[in-house]
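Thank you all for coming; I would like to take a few minutes to walk through one structure. Please keep the sequence and the view in front of you as I talk.

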Amino acid sequence: MEFGTCSMRTAAAREELTAGWLTVPGRMALAAGRVLETSIERVPAGSDILAYVRGKASAVSAGEEIAFVDAASLGYAERDLVRLKESGDGVPAEARAARLWVDSLAPGDLMCPLGMHGRSKKVSDILGEEQVPVAERPLVPIVRTAPGGAVVWVGGIRLDERFKCTAMSRVLIQLTIHPLDPAE
């Protein structure tokens with residue numbers, strides 16, 4: 001019984017999130033028939049970053065969750081990410097360094113949620129506030145800088161303040177969670 005709802009699950013009905021590296025650009029299958037995709041967005045010169053991001057976010061279809069991360073805050077140089085985007089499928093091996101780690105909640109995970117002005121909070125507390133049942137918390141993708149690294153995005157729930165888009169952002173990494181297309 002959680003948040004006014006009684007739910008029962010058998011051990012066989014539980015899915016697990018597979019941990020691994022997610023290249024930028026790239027995609028990773030998640031639990032519960034969902035996919036996490038990354039892409040590189042270059043902000044047009046002279047654009048208002050907030051208007052640009054809001055415009056992109058308003059185009060999101062039902063069932064999708066989206067976040068934009070400042071690539072420079074992750075340590076990626078603009079020239080490398082632009083080269084990655086322009087190279088398409090033939091991404092050279094040295095350019096594949098742009099990647100994020102995706103796994104599930106670990107005990108003691110902390111982040112600085114967007115809007116809390118740099119104060120940290122336990123990820124488990126954030127999931128509790130969002131009323132995510134304890135049995136479903138292992139299915140929530142946690143995007144990190146590296147294995148055991150800083151939490152960048154609690155998939156579909158909250159972005160970390162340290163990786164937000166600012167007026168100085170020129171290259172963004174778009175993170176999108178959407179349902180798996182049955183044709184895939």
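Before I point to anything, one term: two strands are said to pair if DSSP finds at least two bridges between them. Please bear in mind as well that this is a predicted model.

With that term in hand, β9 and β10 pair in the antiparallel sense over 2 bridges, and in this region W153 stands opposite L159 in β10. These two strands belong to an open sheet of 5 strands, which runs in the order β1-β5-β8-β9-β10 with antiparallel pairing; its edge strands, each pairing on one side only, are β1 (20-23) and β10 (158-159).

W153 also leads us into the interior, since the largest nonpolar core has 24 residues, and those that touch the most other members are L36, L74, V143, W153 and L175. At least two residues of this core come from each of β3 (34-42), β4 (65-70), β5 (99-103), β9 (151-154) and β11 (171-179), with β11 giving the most, namely 4 residues. If we leave aside residues up to four places away in sequence, V143 touches L36, L100, W101, V102, A150, V151, V152, W153 and L175. There is also a second, separate core of 9 residues, M111, I126, L127 and V132 among them.

Finally, let us turn to helix α1, residues 49-58, where I49, Y52 and V53 are buried. Viewed down the axis of α1, the buried residues fall within an arc of 95 degrees, and therefore line one face of the helix. Those buried residues pack against β3, β4 and β11, whereas the face of α1 turned away from the buried side carries the exposed residues R54 and S58.

Methods
Residues are numbered from 1 along each chain as its sequence is written. This is a predicted model: local features need pLDDT of at least 70, side-chain atom pairs count only at pLDDT 80 or more; totals for chains, interfaces and linings use all residues. Side-chain values use heavy atoms; hydrogens and water are left out. A nonpolar core is a set of buried Ala, Val, Leu, Ile, Met, Phe, Trp, Tyr and Cys residues joined through side-chain atoms within 4.5 Å. Buried means under 20% relative accessible area, exposed over 50%, partly exposed in between (1.4 Å probe, protein chains only). Contact means heavy atoms within 4.5 Å. The arc is that of the directions from the helix axis to the C-beta atoms.
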